[in-house]
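Here are a few friendly notes to read alongside the structure. Please keep the view open as you go through the points.

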Amino acid sequence: MKSQYINELKAGQLVKEKFLLNKKILREKKDGGFFTQIELSDRTGSIEGVAWDNVSDELKNISAGDFVFVTGSISEYNERLRIVVNSVSRISEDEIEPEDFLPVIEANIKEVINEIRGFLEKISNPYLKNLMMQFLNNPEFMERFSQAPAAKKAHHAGIGGLAVHTRNLIKLGLKACEIFEFLNTDLLIAGSFLHDIGKIYEYTYQKKIDHTKNGRMLGHIVIGYEMVSEKISKIDNFPEELRLKLLHMIVSHHGELEYGSPILPLFPEALVLHFIDNLDSKLEMMRDEIKKNKGTLSNWSDYHPLLGRAIYLGSED
């Protein structure tokens with residue numbers, strides 16, 4: 001087990017520890033020469049670092065995604081902690097403990113799964129109910145679904161994240177159905193449950209969260225479409241209109257062509273699914289950014305590339 005975790009580091013502290021290298025960027029110094037900006041992480045969060053001169057040379061043969069052993073010191077820069085790296089070397093995955101690097105969602109996942117099961121069991125449409133049971137009664141699927149992250153870094157990026165994200169969407173969808181009574185509740189619940197199930201095969205999460213080969217080459221939308229299509233094909237007389245709507249919700253839930261959906265949402269339940277998916281993911285990203293910056297002196301986070309803005313952290317005034 002690690003003895004130093006990122007969320008416990010303080011200015012002036014010396015560091016000798018294992019980390020996951022998330023990224024490295026070679027920068028040019030104002031007076032010539034180069035240095036490397038890096039980001040390191042463990043299960044408790046991430047921290048930026050800087051490697052000068054010969055240490056920067058050590059990083060040339062180390063790639064983002066590698067586990068590394070780092071020595072250095074913690075300093076404050078622009079009101080945030082960072083590691084000034086004295087040395088860095090790659091280490092084998094066999095030298096790390098997975099629990100040191102795999103973030104785990106705070107929620108009780110068994111309770112979350114029971115919530116999801118309760119919602120799905122209330123579906124009244126017999127074809128959708130049958131389809132839901134095809135997944136719920138599959139132990140291998142449910143084991144993967146319970147463990148999978150919802151993302152590598154973006155939102156709910158921890159063990160159990162997919163289940164929590166899915167539970168949130170179902171609950172948001174039910175609230176939407178209370179307000180907009182013309183919505184098909186069964187369809188929205190089923191679509192919320194199925195929209196991201198391809199992520200159980202998109203990510204690997206044994207020692208670190210990363211993409212599988214299928215995940216990189218196909219993505220969770222295509223994988224999920226194929227999974228649901230295959231289950232529907234085994235249900236006799238499944239209505240074609242219902243099949244088409246459900247599959248459309250999976251492929252359109254990103255909402256925009258530039259965000260990976262091959263088509264825009266074309267009916268109300270599909271549109272609602274996109275918006276509640278977007279709401280839950282973006283709120284979680286903001287929440288993570290606020291937690292990450294807790295204790296800093298700044299009122300603003302760094303620019304968040306996925307949200308396209310800096311996040312207001314609050315003021316003591």
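1. Let's begin where two helices meet in this predicted model. From H6, the residues Leu187, Leu188, Ala190, Gly191 and Leu194 make contact with Leu242, Lys245, Leu246, Met249 and Ile250 of H10.

2. How do the axes of these helices cross? Helix H6 covers residues 185-194, and its axis comes within 9 Å of the axis of H10, crossing at roughly 45 degrees. Angles from 35 to 65 degrees fall outside the parallel and perpendicular classes, so H6 and H10 are oblique to each other. Their crossing is right-handed.

3. Stay with H10 for a moment, as this helix (residues 240-252) also holds His248. Is His248 buried or exposed? His248 has a relative accessible area of 11%, and the cut-off for buried is under 20%, so His248 counts as buried. Setting aside neighbours within four places in sequence, the contacts of His248 are Ile263, Leu264, Pro265, Leu266, Phe267 and Ala270.

4. For a wider frame, an unreviewed UniProt entry lists residues 158-291 as "domain: HD/PDEase". This span is 66% helix and 4% strand, and its end C-alpha atoms lie 15 Å apart.

5. Do look at the strands too. Five of them form a closed barrel in the order E1-E2-E3-E5-E4, with mixed pairing. From one strand to the next, the twist averages 50 degrees.

6. One pairing in the barrel is worth tracing by eye. Strands E1 (residues 14-28) and E4 (residues 67-77) run antiparallel and are joined by seven bridges. Glu17 has Val70 of E4 standing opposite.

Notes: Residues numbered from 1 in each chain as written. Predicted model: local features only at pLDDT ≥ 70, side-chain atom pairs only at ≥ 80, totals over all residues. Heavy atoms only, no water. UniProt positions renumbered as here; feature names shortened; annotations may be inferred. Helix = DSSP H or I, 4+ residues; strand = E, 2+ residues; numbered from the N terminus. Buried < 20%, exposed > 50% of the residue type's maximum accessible area, 1.4 Å probe, protein only. Contact = heavy atoms within 4.5 Å. Pairing = 2+ DSSP bridges. Axes fitted to C-alpha atoms, helices over the stretch in contact; angles between N-to-C directions. Parallel < 35°, antiparallel > 145°, perpendicular 65-115°, else oblique. Left-handed = near helix turned anticlockwise from the far one by under 90°.
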